[in-house]
Structures are given as structure tokens and as C-alpha cells.
Amino acid sequence: MLVGLLFAILYTLFSLIGFALGLREIYFYVFMLLLAGILVFIQYLIGPKVVEISMMVKYVSEKEYPELHRIVEELSREAGIPKPRVGVSGLNIPNAFAFGRTKRDARVCVTKGLLNLLNEKELRAVLGHEISHIKHKDVFVITMLSVIPTICYMIYVSFFWSSIYSRRRDSGALALIGLTAFLLYLITSLLVMYASRIREYYADYGSVELGNKPNWLATALYKLVYGSARADRNTIKRVAGMKAFFLNDPANAVNEISELKQVDLNLDGVIDEYELQVLAERKIKLSKSEKIMELLSSHPSTLKRIKALSNLVQ
């Protein structure tokens, strides 16, 4: 439904341009469609290499990380997908991510910071989340959707700024199209981030479907927030452009700590089944600033994710 809405918005924008400029501008449609195809193709080709370089990924063998390989292999078999390549990122930020062009080209990576923070069950739950992303082709879907805001922004730049220097009689119409395109760029960007947040909830659920207990993933998310809050700020800024791949948003970790006090009742750093059962019966409280931050983020609030996991406790 969301995919249909995004493409409907793009179709409406193209129709507006056609109505304002007439069929004489038909080459514009062809150009924009070709450009969109080129953008998708370029992302498809170079995306994995960009991630590898940015995240300092090193692919590791079974001899180097036998437990990591064993968990990935078991989860992949359970999910019914080929075993992804396994990598370790040199980043000290505790996190994990999955990427790749197809299921057969998929890669699952964990950071050194994550390996030093989680126990085996928590690590298994995190990897189950990433395997679920691969199973449902989430990276490909979000990449495809992200092209739509890009096209809207390019139309805005082309039409609005050309109208300022144009001597054509229809310069007012050009400016209106440009402003409309910018508005649609903002709307579609928010919709793509909403789609990304929904996929995170599905991947959390997918991890539980693969046999991981909800409190394992809840504890992992809880630990990731505290671990990210202690991480080097400069490192977090350096990988800001790649944070959509992460399990959670490390840049927002400091802001999330106060909300998470509602979850860890005995303050032992672990979310057990009892605490999740208590949370399932309670309403959570998010500050206004946290709600706004979530709207502008590719990841849901960690507190809301743990709340959703509490509803999966048997």
C-alpha cells in the first residue's frame, strides 16, 4: 500500500508537469524515468562496496569466528535462505547490519563493539533480525523507494531555480511546479523513513519467528543504546550516512536512555521475561522531542520496539 502511495505521488507530480507544460515536454518524462533507472542501477552496482568501505568491513572465515558462522548458518537454514557472507566491522560502535544486492549476494556483519557487549543468545537474536531483513529483501525495497524523493528533489532544483532566471511567460508555473516538487520531496522522504521503521518492527518479529526469545532481542537493543551512548561521537558522525543499515540509530542513543528506565525495573542491565510481561500491561511514555526525532528517523524508538516485543512473550 505504501509503495503504491509513493508511486502515485510521483505520477501526480509528472501529470502536473505535463498539464502545465504540455506534451511538447514529453522528453522530460523520458529523461526523468531514465535517470531514475540509472540511479537505481548505480546504487545496485556500487552500494555493497560503499558499505564495506564506510563500515570498515572485513570478511572472516569459520576458523577465525566459528561461533559467529555457526549462528548465521543455523539462522539462515531456519529462514530458508542461502548463508550470507559473514563480516566483522572495525567500528567500536556496538551494532550489526545486513546488505547486498540479492539473497545470494547478502552479507551479515557485526561490529567489534557488538561482539564485546552481547552474550550468545543476545547475539543470536540480533543476527536473526538481520537475517529477516535479507529474507524479506528490505534493503532492496528501501533503496527502490528512496529513488522517489530523489526524483522529486531533482525536479524541484530544475524547475524552481530555472524559473528565477527564466524569461518565459510560464516562469510562474515553473516556480509552482518546483515548490510542489519540494513539498512532495519532504512528504515522500517522511514516507520512506516510515517504511523503514515498519521494516524494523517486522525484522524484530522475524527474529522471534526464527526461534529467538523476545527478551533476548529486547536486552540486546537495551545494551546497544547504552553502548552507543558511550561510543566516540566522531565515529558516530563519520558513519551517519550509513546508519539506516544499523540495528538501531546510534546517534539518538543519548536521548533514548531516560525513556528506557521504564523497562529495566531492577536496573540490572538485562530485560527478562517478567519485565516484558509487566511492560505489556503498561502504557509507555515518550517525550515530545523523542516523538519528533522518531518521525525524522529511519528507526523506531527503542522503547517502542521493546514494547512491541513485550506483546510477543508467550
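**Reading salt bridges, burial and helix packing**

Q: Is Arg-77 buried or exposed?
A: A residue counts as exposed when its relative accessible area is over 50%, and because Arg-77 reaches 57% relative accessibility, it is classed as exposed. Please keep in mind as we go on that this is a predicted model.

Q: Which residue does Arg-77 meet in a salt bridge?
A: The idea is to look for a side-chain nitrogen of Lys or Arg within 4 Å of a carboxyl oxygen of Asp or Glu. Here the side chain of Arg-77 meets that of Glu-73, with 3.8 Å from N to O. The two residues both lie in helix H3 (residues 66-79), where they are four residues apart, about one turn of the helix. Glu-73, for its part, is partly exposed, with a relative accessible area of 35%.

Q: Which residues are joined into one network by salt bridges that share partners?
A: Such a network links Lys-49, Glu-52, Arg-101, Asp-105 and Arg-107, while a search of the whole structure finds 18 salt bridges.

Q: How should I read the part played by Glu-52, starting with Lys-49?
A: Lys-49 forms a salt bridge with Glu-52, and their closest N and O atoms are 3.1 Å apart; since the two residues are three apart in helix H2 (residues 26-55), about one helical turn separates them. Glu-52 also has a salt bridge with Arg-107, at 2.6 Å from N to O. Arg-107 belongs to strand S4 (residues 107-111) and Glu-52 to helix H2, so this pair ties together parts that are 55 residues apart in sequence. Both Arg-107 and Glu-52 are buried, the relative accessible area of Glu-52 being 12%.

Q: Why is helix H13 described as largely enclosed?
A: The reasoning is a count of buried residues: seven of the nine residues of H13 (residues 302-310) are buried, so the rest of the structure largely encloses this helix. Among the buried residues are Leu-303, Ile-306 and Leu-309. At the N-terminal end of H13, Ser-301 acts as a cap, with a side-chain oxygen 3.2 Å from the backbone nitrogen of Leu-303.

Q: How do H3 and helix H5 pack?
A: In general, two packed helices are described by the angle between their axes and the distance between those axes. For H3 and H5 (residues 120-135), the angle is about 45° and the axes are 9 Å apart, which means that H3 is oblique to H5. The crossing of H3 past H5 is right-handed. Residues of H3 including Leu-68, Ile-71 and Leu-75 meet residues of H5 including Leu-123, Leu-127 and Ile-131.

Methods: Residues are numbered from 1 along each chain as its sequence is written. This is a predicted model: local features need pLDDT of at least 70, side-chain atom pairs count only at pLDDT 80 or more; totals for chains, interfaces and linings use all residues. Side-chain values use heavy atoms; hydrogens and water are left out. Buried means under 20% relative accessible area, exposed over 50%, partly exposed in between (1.4 Å probe, protein chains only). A polar contact is a pair of N or O atoms within 3.5 Å; within protein, one must be able to donate a hydrogen and the other to accept it, and residues adjacent in sequence count only if both atoms are side-chain atoms. Axes are lines fitted to C-alpha atoms, for helices over the stretch in contact, and angles run from 0 to 180 degrees between N-to-C directions. Angles under 35 degrees count as roughly parallel, over 145 as roughly antiparallel, 65 to 115 as roughly perpendicular and the rest as oblique. A crossing is left-handed if the near helix is turned anticlockwise from the far one by less than a right angle, and right-handed if clockwise. Contact means heavy atoms within 4.5 Å.
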